[in-house]
Amino acid sequence: MSTIFSKIIAREIPAEIVYQDDRVTAFKDIHPLAPVHILIVPNKEIATVDDVTPDDEQTLGHMFTVAKEVARQMGVADSGYRLLINCKGDAGQEVFHLHMHLLGGRRLGPMLARQE
Ligand code: AMP
């Protein structure tokens, strides 16, 4: 099932695309949680990490190379950043097109809030 991210990849709806090649697209998150908040997505429609197959390994590996380049482009390569992928309900995945969040530009705090 297509999501809004396929339309961004196809440039059918506007987004601030910061990187694109034949396998991966990276664009600014519309509701940033940090000064730098980029989404890195495979151009192929993969709904969740749970839907990944061995055929996707090259593309998924490429996402890390792109993340590294985009982090440098956005000025957070040296200060540091967080890469995060949500999978399904308990992780709070909202858009069912696999995507890696790249967050940086401030101290991000603990990876996960402790449960009270
Ligand atoms: P997740 O909760 O991991 O599925 O994250 C989905 C992310 O997509 C959220 O951070 C949203 O702010 C972001 N998002 C949703 N629609 C758009 C859009 N049209 N352009 C950019 N980012 C979006």
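Start by selecting Asp78 and Arg72 and showing their side chains: the two form a salt bridge, with the closest N and O atoms 3.6 Å apart. Both ends of this pair are easy to find from outside, since Asp78 is exposed and Arg72 is exposed too. Keep in mind as you go that you are looking at a predicted model.

**Zoom out to the whole chain**

Now switch to a cartoon view. You should be able to pick out three helices and five strands. Followed from the N terminus, the elements come in the order α-β-β-β-α-β-α-β. The protein has a radius of gyration of 14 Å, close to the 13 Å that the globule rule gives for 116 residues, so it is as compact as a globular protein of that length. If you like a ruler, the C-alpha trace spans about 35 × 35 × 30 Å along its principal axes.

Turn on a surface next. About 7600 Å² is exposed, and carbon and sulfur atoms supply 52% of that area. Of the 116 residues, 34% count as buried. Contacts also reach across the chain: among those with a separation of 6 or more, 57% are between residues 24 or more positions apart.

Colour by charge while you are here. There are 12 positive and 16 negative side chains. The centres of these two sets lie 7 Å apart.

**Select Asp56 and Lys44**

Back to sticks. The count of salt bridges comes to four, and one of them joins Asp56 to Lys44, with 2.6 Å from N to O. Asp56 lies in the loop between strand E3 (36–42) and helix H2 (57–73), and Lys44 is in the loop between E3 and H2 as well, so the pair ties together parts that are 12 residues apart in sequence.

Is Asp56 buried or exposed? Asp56 is buried, because its relative accessible area is 3% and buried means under 20%. Its partner Lys44 is partly exposed, with a relative accessible area of 46%.

Stay on Asp56 and show what surrounds it. Which residues touch Asp56 once its neighbours within four places in sequence are left aside? They are Lys44, Ile46 and Asp51.

**Select Lys88 and Asp50**

Here is another salt bridge: the side chains of Lys88 and Asp50 meet at 2.7 Å, N to O. This pair links distant parts of the chain, with Lys88 in helix H3 (residues 88–91) and Asp50 in the loop between E3 and H2, 38 residues apart. Asp50 counts as exposed, because its relative accessibility is 52% and the cut-off for exposed is over 50%. Lys88, at 35%, is partly exposed.

Before you leave Lys88, look at its backbone. Lys88 has a positive phi of about 65° although it is not a glycine.

**Last stop: Arg11**

Finally, select Arg11. What is the phi of Arg11? It is positive, about 60°, although Arg11 is not a glycine. To find Arg11, go to the loop between helix H1 (4–9) and strand E1 (17–20). Arg11 is exposed, with a relative accessible area of 55%.

Key:
Residues numbered from 1 in each chain as written. Predicted model: local features only at pLDDT ≥ 70, side-chain atom pairs only at ≥ 80, totals over all residues. Heavy atoms only, no water. Helix = DSSP H or I, 4+ residues; strand = E, 2+ residues; numbered from the N terminus. Buried < 20%, exposed > 50% of the residue type's maximum accessible area, 1.4 Å probe, protein only. Rg over C-alpha atoms; globule rule 2.2 N^0.38 Å. Contact = heavy atoms within 4.5 Å. Areas by Shrake-Rupley, 256 points an atom, 1.4 Å probe, with all protein chains shown as cover. Lys, Arg positive; Asp, Glu negative; His and termini not counted. Charge placed at Lys NZ, Arg CZ, Asp CG, Glu CD.
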